[in-house]
Amino acid sequence: QGRLVESGGGLVQIGGSLRLSCAASDIGFGLYHMNWFRQAPGKTRELVAHISSDGENTNYADSAKGRFTISRDNAKKTVYLQMNSLRLDDTAVYYCNAKFRFNQDLEYWGQGTQVTVSS
């Protein structure tokens, strides 16, 4: 059974930066597309950033473009989300998600890490 463990969340001021990490275990990491989602209180979970299994393609939500960068290190089985110029509306629980590239019904979720942006 695959496992994803996020880390790096915390409290940061407006305009600050955080780097989230998601370490995978017990999955063929290089065969999985990786995503970061977030869910703010009272809102539905939304996709923030995507990176393909080979790291060649990335996509971002409009709210993340120009501020967030997703990357991966397949040797370390880890995906990252560098978040800069953080805003109050970035406050949410951030979740790591892995989708098998040949069958995206096969997926794993992490437990989430809280990001709180304060003024």
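Which backbone oxygen does the side chain of arginine 72 reach? In this predicted model, the partner is the backbone oxygen of serine 52, at 2.9 Å. The surroundings of these two residues are described below, followed by the salt bridges and the aromatic rings.

Arginine 72 lies in strand E7, which spans residues 68-73. The residue is buried, yet it has no salt bridge. The nearest side chain of opposite charge belongs to aspartate 54. That side chain is 7.0 Å away from arginine 72, and a salt bridge requires a nitrogen and an oxygen within 4 Å. Arginine 72 therefore has no salt bridge with aspartate 54, given the distance of 7.0 Å and the cut-off of 4 Å. Other partners are present. Besides the backbone oxygen of serine 52, the side chain of asparagine 74 makes a polar contact with the side chain of arginine 72, at 2.6 Å. An aromatic ring takes part as well. The charged end of arginine 72 sits over the ring of phenylalanine 29, and the distance to the ring centre is 4.4 Å. Residues up to four places away in sequence are not counted in the contacts of arginine 72, which include Phe29, Gly30, Tyr32 and His33. Met34, Ile51, Ser52 and Ser53 are also among them. So are Gly55, Thr78 and Val79.

Serine 52 sits in a loop. This loop runs between strand E5 (46-51) and strand E6 (58-60). Is serine 52 buried or exposed? At 7% relative accessibility, serine 52 counts as buried. Its side chain reaches the backbone nitrogen of glutamate 56 at 3.2 Å. With neighbours within four places in sequence left aside, serine 52 is in contact with His33, Asn57 and Arg72. Serine 52 and tyrosine 32 are 20 residues apart along the chain. Their C-alpha atoms are separated by 7.4 Å.

Salt bridges come next. How many does the structure hold? There are six. One of them joins aspartate 90 to arginine 38, with the closest N and O atoms 2.9 Å apart. This pair links distant parts of the chain, 52 residues apart. Aspartate 90 is in the loop between strand E8 (78-83) and strand E9 (92-100). Arginine 38 is in strand E4, residues 32-39. Both partners are buried: aspartate 90 has a relative accessible area of 0%, and arginine 38 has one of 5%. Salt bridges also link Arg38, Glu46, Arg67 and Asp90 in a network.

Two further salt bridges can be described. Aspartate 62 and lysine 65 meet through their side chains, at 3.1 Å from N to O. Aspartate 62 is exposed, with a relative accessible area of 66%. Glutamate 107 and lysine 99 form another salt bridge, at 2.6 Å from N to O. Here glutamate 107 is partly exposed, at 30% relative accessible area. Lysine 99 has a value of 19% and is buried, because the limit for a buried residue is under 20%.

Lysine 99 is also touched by glutamine 104. Glutamine 104 touches His33 too, with residues up to four places away in sequence not counted. The position of glutamine 104 is in strand E10, residues 103-109. This residue is partly exposed, with a relative accessible area of 43%. Glutamine 104 and glycine 10 are 94 residues apart in sequence. From C-alpha to C-alpha, they are 30 Å apart in space.

Aromatic rings form a further set of contacts. The count comes to four aromatic pairs. One of them is made by tyrosine 32 and phenylalanine 100, whose ring centres are 5.4 Å apart. Their planes are at 45°, so the pair is tilted. The two residues come from distant parts of the chain, 68 residues apart. Tyrosine 32 is in strand E4, and phenylalanine 100 is in strand E9. Tyrosine 32 counts as buried, at 5% relative accessibility. Phenylalanine 100 also pairs with phenylalanine 102, with ring centres 5.6 Å apart. Here the planes are at 75°, so the pair is edge-to-face. Phenylalanine 102 counts as exposed, at 59% relative accessibility. Together, Tyr32, Phe100, Phe102 and Tyr108 form one aromatic cluster.

Arginine 45 also meets a ring. Its charged end sits over the ring of tryptophan 109, 4.8 Å from the centre.

Methods
Residues numbered from 1 in each chain as written. Predicted model: local features only at pLDDT ≥ 70, side-chain atom pairs only at ≥ 80, totals over all residues. Heavy atoms only, no water. Helix = DSSP H or I, 4+ residues; strand = E, 2+ residues; numbered from the N terminus. Buried < 20%, exposed > 50% of the residue type's maximum accessible area, 1.4 Å probe, protein only. Lys, Arg positive; Asp, Glu negative; His and termini not counted. Polar contact = N/O pair within 3.5 Å; in protein donor to acceptor, adjacent residues only side chain to side chain. Contact = heavy atoms within 4.5 Å. Phe/Tyr/Trp six-rings, centres within 6.5 Å; stacked < 30°, edge-to-face > 60°. Lys NZ or Arg CZ within 6 Å of the ring centre and 35° of its normal.
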